[in-house]
Amino acid sequence: MYKCIKAFYVPMCDDNGFTLENKKFFIKKGTTWNLPEDDNYRFVGGEIRLESDNGGWVEISKEDFNEFFELVKKED
């Protein structure tokens with residue numbers, strides 16, 4: 001499990017994986033995210049995919065992952 005340590009925005013995408021102009025998704029500090037079981041699955045081409053317990057997901061660069069998230073619990 002990973003925790004967001006600094007709030008940030010990511011571009012929103014439609015159901016076909018295309019970026020929506022002027023639409024952003026806010027990632028709140030303190031929220032927790034998990035890596036998917038299939039760590040090779042990507043929908044919009046990000047380097048790392050994170051999924052929340054409420055069904056949300058983001059794909060971000062490794063650089064953003066290292067800046068905005070920290071490991072809080074090792075997955076089994």
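By class, how many nonpolar, polar and charged residues does the lining of the largest pocket have? Going through this predicted model, the split comes out as 11 nonpolar, six polar and three charged residues.

The pocket itself has a volume of about 410 Å³. Its lining takes in 20 residues, and the ones nearest the centre are Val 10, Pro 11, Phe 25, Trp 57 and Val 58. As for secondary structure, the elements that give two or more residues to this lining are strands S2 (8-13), S3 (19-27) and S6 (57-60).

Now for S2 and S3 themselves. These two strands make a hairpin, with five residues between them. In the turn sits Gly 17, with a positive phi of about 90 degrees. Across the S2-S3 pairing, Val 10 stands opposite Phe 25 in S3, and both residues are among those nearest the centre of the largest pocket.

There's also an open sheet of three strands, ordered S4-S1-S7, with antiparallel pairing. Strands S4 (32-33) and S7 (69-71) are at the edges with a single partner strand each, so one side of each has no neighbour in the sheet. Within the S1-S7 pair, Cys 4 has Phe 69 of S7 as its bridge partner.

Here are two of the strand pairs side by side:

| Strand pair | Sense | Bridges |
|---|---|---|
| S1 and S7 | antiparallel | three bridges |
| S2 and S3 | antiparallel | five bridges |

As a reminder, strands of a sheet pair through backbone hydrogen bonds, in either a parallel or an antiparallel way.

Technical notes:
Residues numbered from 1 in each chain as written. Predicted model: local features only at pLDDT ≥ 70, side-chain atom pairs only at ≥ 80, totals over all residues. Heavy atoms only, no water. 1 Å grid on protein atoms, 1.4 Å probe; cavity = no way out; pocket = protein on both sides within 12 Å on 5 of 7 lines; lining within 4 Å. Points joined across faces, edges and corners; volume = space filled by probe spheres on them. Helix = DSSP H or I, 4+ residues; strand = E, 2+ residues; numbered from the N terminus. Nonpolar A, V, L, I, M, F, W, Y, C, P; charged D, E, K, R; others polar. Pairing = 2+ DSSP bridges.
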